Every structure is written in C-alpha cells, then in structure tokens.
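Student: I've got this one open and would like to talk it through. Can we start with what counts as a core here?

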Amino acid sequence: MRPQRLAVFSCAMVFSSAALAQATLTASALNNGTGTSSANGVTLVASVGHAIAHGTSGAGSVTLNGGLMPIVLAASGSGPVNLVSVTSRKTHGAAGTFNLNVLRGVPIGGAISVEPRAIGAGHLIVFTFDSAISQPGTATVTGPASEPLGSASVSFSGNEVRVLIANLPDNRRVNVALAGVNGSSSAQAAIGFLIGDFNDSKSVNATDVSAVKGRSGRFIDADTFRYDVNASGTISAADIAATKVRAGTNMP
Ligand SMILES: [Ca+2]
Ligand SMILES: [Ca+2]
C-alpha cells in the first residue's frame, strides 16, 4: 500500500458568525500551501479550537459550519519516513549555523564521527527524513553499554527531528535513537563528543592543536566551522586554549 503522507495545514482562519455561517475549504486551495489531497489517497480531517455545528470531509473538500473559530486542518495518515541524513548543528554567533555531518551505519564502538565543538546549551542532533514529520516520537541517548546519558528533548520542523542533548560530559561515545517517528519509523546514529578532536581520530593531540592555531582569525565557513570550538563566531585564542587543555585525551 502506498504510504500516506501527513500534512499539517495550520490555518488561523477566523470567521465572523454573522457574516459567514459556512466556509468551504477545498483540497486544491489547501494544496497551495503544502500537502496532499484526498485525490491522492489522503483524507482531510478537521479539528477545531471552538465548537462548531458540524464538520464534514468529502472527496477533495472539507466543509465546516459554525461561528468564530480557529481551524487546524490535517490530512490523516502518518506513514513511515526514511532517514536521509544526520548532522550535529550549532549556531556560531553572527557567522551562522553549521552542520557537522554524522556518518550513518557506524556502530558506537567503531569509527564514529566526532563533534569537536563544545556542548554549549546542548548538542543538537538533527535527523532529516524524506518527507514531512508530524510526530517526532521519542529519543533515547545511551552510551556503549546502553547506559542512559544526558537528557534529551525532541522537537521537529519540516522533515527534521531534532534531539537536544544536555547534561552530557565531554569525551563520550553516544548512541542517539529515535522511535515512533510519524508513529512507526525509527532511526539511529552514533556520534562521539570530544572537544578539540578535529580529525575524527578519537584523540586530541599536537595535530589538533596545530590545526586550530593555523586557522585562528579565519572566517567561519563550511571548511573552518569545526575549529570554532566555542561556537562564538570567530576562531581565536579561546578555541586554541580549549584544545590545548585537552591534549593527550583519548576517547574510550
Ligand atoms: Ca584528533
Ligand atoms: Ca571561537
């Protein structure tokens, strides 16, 4: 069976009860935003914040009869989604937001990607799927022995499920797992967190110190963002110091 896609139509529509006792919303009009119509095998469902006389959904249209009402329309069905990419995302002050790619399919004890930037307010791990997310599901964050690590909070936007991991000590291998995405899909990625390990070697040494020193003062871009350890928007003495102090650290 063709998976149904869920589309959320967030319509803050207000009708005057005196002026408009009935409103008819067609699927084609709704599709000017996003989503699919009943013609594509999806039934439109209406839920309302205020009582209405009745609502009906039919072939290609939803008709709502009532008075003053904010309306949220959604297509039923929340089919499975497929993972496209995983990144670790941080905002570097005025320099903007930069995503570190996280290799997929690597076991937690293997050659995982390493996030060399400091945790700040939390590590934001972004799972991007091939279609819109309606339910982010739940996230678990565990270590190599499946022990719970840190605290995870989940949000979603567009095709992304975002997991913010707080209270996580540095120098850890972590498995981030999602379950119940759009009701039934799951996803997983392993990542390491080690401040100053710019080359995924799982250790901080002279090579890393030299690398950040060599980029001091450079603009933050796709090639240099990882050296802005504190995500301040510049590569400076603070980033070099944060790396130096970890020289000799090896990821377990
Ligand atoms: Ca290294
Ligand atoms: Ca910096």
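Tutor: Sure. A nonpolar core means a set of buried Ala, Val, Leu, Ile, Met, Phe, Trp, Tyr and Cys residues joined through C-beta atoms within 7 Å. Keep in mind that this is a predicted model.

Student: OK, so how many residues has the largest nonpolar core, and which have the most contacts inside it?

Tutor: There are 35 residues in that largest core, and the ones with the most contacts inside it are Ile125, Val141, Val163, Val174, Val176 and Ile191.

Student: Which elements give two or more residues to it?

Tutor: Those are β10, β11 (138-142), β13, β14 and β15. The biggest giver is β15, with five residues.

Student: Let me pick one of them. What is Val141 in contact with, leaving aside its neighbours within four places in sequence?

Tutor: Val141 contacts Pro148, Leu149, Gly150, Ala152, Ile165, Val174 and Val176. Two of the residues named for the core, Val174 and Val176, are among those partners.

Student: Back to β15. How many of its residues are buried?

Tutor: Seven of the nine, so β15 is largely enclosed by the rest of the structure.

Student: And which way does it pair with β14, parallel or antiparallel?

Tutor: Antiparallel, over eight bridges. One of the bridge pairs is Val176 with Ala189 in β15. The two strands make a hairpin with three residues between them, and Asn182 in the turn has a positive phi of about 50 degrees.

Student: What about β9 and β15, parallel or antiparallel?

Tutor: β9 (residues 113-115) runs parallel to β15, and three bridges join them. Val114 sits in β9 and has Gly192 of β15 as its bridge partner.

Student: Is Val114 buried or exposed?

Tutor: Val114 is buried, with 27 other C-beta atoms within 10 Å. Its C-alpha is 6.0 Å from that of Ile191, although the two are 77 residues apart along the chain.

Student: What does Val114 touch, not counting residues up to four places away in sequence?

Tutor: Gly192, Leu194, Asp197, Asp200 and Lys202. Lys202 itself is in the loop between β15 (185-193) and α2. It also has a positive phi, near 70 degrees, in a residue other than glycine.

Student: Why does Lys202 count as partly exposed?

Tutor: Because Lys202 has 17 C-beta neighbours inside 10 Å, and the partly exposed class lies between 12 or fewer for exposed and 20 or more for buried.

Student: Which residue in the loop between β13 and β14 should I look at?

Tutor: Try Asn171, which lies in that loop, just ahead of β14 (172-181). Asn171 is not a glycine, yet its phi is positive, about 65 degrees. Asn171 is partly exposed, with 18 other C-beta atoms within 10 Å.

Student: New topic: sheets. In what order do the five strands of the open sheet come?

Tutor: The order is β8-β7-β10-β13-β12, and the pairing is antiparallel. The edges are β8 (97-101) and β12 (151-157), each pairing on one side only. On average, neighbouring strands in this sheet are turned by 30 degrees against each other, direction ignored.

Student: How many bridges are there between β10 and β13?

Tutor: Six, linking residues 123-129 of β10 with 160-166 of β13 in the antiparallel sense. As one example, Thr128 has Glu160 in β13 as its bridge partner.

Student: Now the helices. Which residues of α3 are buried?

Tutor: In α3 (residues 237-244) they are Asp239, Ile240 and Thr243. Seen down the helix axis, they fall within an arc of 100 degrees, so they line one face of α3.

Student: What covers them?

Tutor: The cover of those buried α3 residues includes α2 (206-213). Take Ile240: leaving aside neighbours within four places in sequence, its contacts are Val212, Lys213 and Ser216. The C-alpha atoms of Ile240 and Arg215 are 9.6 Å apart, with their positions 25 residues apart along the chain. Ile240 is buried, with 20 other C-beta atoms within 10 Å.

Student: Last one, the overall tally. How many helices and strands are there?

Tutor: Three helices and 15 strands. Of the 252 residues, 30% count as buried. Among contacts with a separation of 6 or more, 63% join residues 24 or more positions apart.

Key:
Residues numbered from 1 in each chain as written. Chains lettered and ligands numbered in written order. Predicted model: local features only at pLDDT ≥ 70, side-chain atom pairs only at ≥ 80, totals over all residues. Pairing = 2+ DSSP bridges. Helix = DSSP H or I, 4+ residues; strand = E, 2+ residues; numbered from the N terminus. Axes fitted to C-alpha atoms, helices over the stretch in contact; angles between N-to-C directions. Arc of directions from axis to C-beta. Contact = placed C-beta atoms within 7 Å.
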